[in-house]
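How do two helices pack against one another, and where is empty space left inside a protein? Please look through the structure below with these two topics in mind.

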Amino acid sequence: MADLLLRHPVPHSVGLDRPSRRLPANACDSHMHIFDPRFAPSRHWKRQPPHAEVAAYRQLQQRLGTSRTVVVNPSTYGTDNACMLDALAQLGTSARGVAVVGAEVDDAQLDRLAAQRVCGLRVNFVTPQSWGATTPEMLTALARKAARLGWHIQVFVHPGQLVELAPVLEALPTSLVIDHMARIDPAEGPAGAAFATLRRLLDKGNTWVKLSGVYMRSREGAPAYGDAHALGRALVQAAPERMLWGSDWPHTTEVPDTVDDAGLVDVLRAWCGDDGVMDRILVDNPARLYGFGEA
């Protein structure tokens, strides 16, 4: 099977190479999405979603050497989490879910999600949402509901929004996970206002950052995304115990079939500068945040 994978690309992932080092046991991809044509997109979503089913994602796991994963419900499905829950059922206990819900969600609905290994809520300020505009009040209301279950809140924001929302984010009663490095522009990197805000949140000890989506803002591009190196390195050094890595497969923000996931793993390795730190980000940190290994 290994030889076959070296000869045939994984759907939505270019290249045939594996990462430059063999990943440790229980390495986790902490941010990816499943798109399955059995599940209809929300009426608010205008773009055609890709075919990116669980079977294709398993091929990516075999190529990269990851075994744990976090399935994030995409905005494509609005507040319908059925596709994500189906993926969790297929992937089994090695998977956790992050759901998207409306502000009106009740405890019983959240309890049903928790029973299916959902452990967080995503609040998106960037892409179109089925309810319309996301507000700070909605974020706060959902955080209160998530806190009862010990869940985290995951936010997707533009850099300017991160700065504006900082007082709200600091006051949340849950752990906070920042998507895709807050989309900070590599040209500003650690010198910009958004990084300063992110650093203050990290220093409070309850914020985590997903080292994912480097291609969203990089001008230099693959394979090394060298213009983002200073930013990635600064984040790792700021709080290595609360960094996470995610592939963001199947890379819906990019031109189809232009992202090399093995290359993204190698970028993480370059940012870490030490394989022990890399293992912490791939294994220990997600195990702690997402409860891998717990009954």
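The paragraphs that follow take up a pair of helices and then the empty spaces.

The model is a predicted one, in which local features need pLDDT of at least 70 and side-chain atom pairs count only at pLDDT 80 or more, while totals for chains, interfaces and linings use all residues. Residues are numbered from 1 along each chain as its sequence is written, and side-chain values use heavy atoms, with hydrogens and water left out.

Helix H6 (residues 159–170) and helix H7 (residues 193–203) have axes that come within 8 Å and cross at roughly 25 degrees; helices here are DSSP runs of H or I with at least four residues, numbered from the N terminus, and axes are lines fitted to C-alpha atoms over the stretch in contact, with angles from 0 to 180 degrees between N-to-C directions. H6 is therefore roughly parallel to H7, a term for angles under 35 degrees. Where they meet, with contact meaning heavy atoms within 4.5 Å, Leu162, Val163 and Ala166 are among the residues of H6, and Thr197 and Leu198 are among those of H7.

Turning to empty space, a search of the whole structure finds three cavities of 30 Å³ or more, a cavity being a set of points on a 1 Å grid over the protein atoms alone where a 1.4 Å probe fits but cannot get out; a volume is the space filled by probe spheres set on the points. The largest cavity holds about 70 Å³, and helix H9 (residues 261–272) gives the largest share of its lining, four residues.

Notes
Helices (H or I, at least four residues) and strands (E, at least two) are DSSP runs, numbered from the N terminus. Angles under 35 degrees count as roughly parallel, over 145 as roughly antiparallel, 65 to 115 as roughly perpendicular and the rest as oblique. On a 1 Å grid over the protein atoms alone, a cavity is a set of points where a 1.4 Å probe fits but cannot get out, and a pocket is an open set with protein on both sides within 12 Å along at least five of seven lines; lining residues have an atom within 4 Å of a point.
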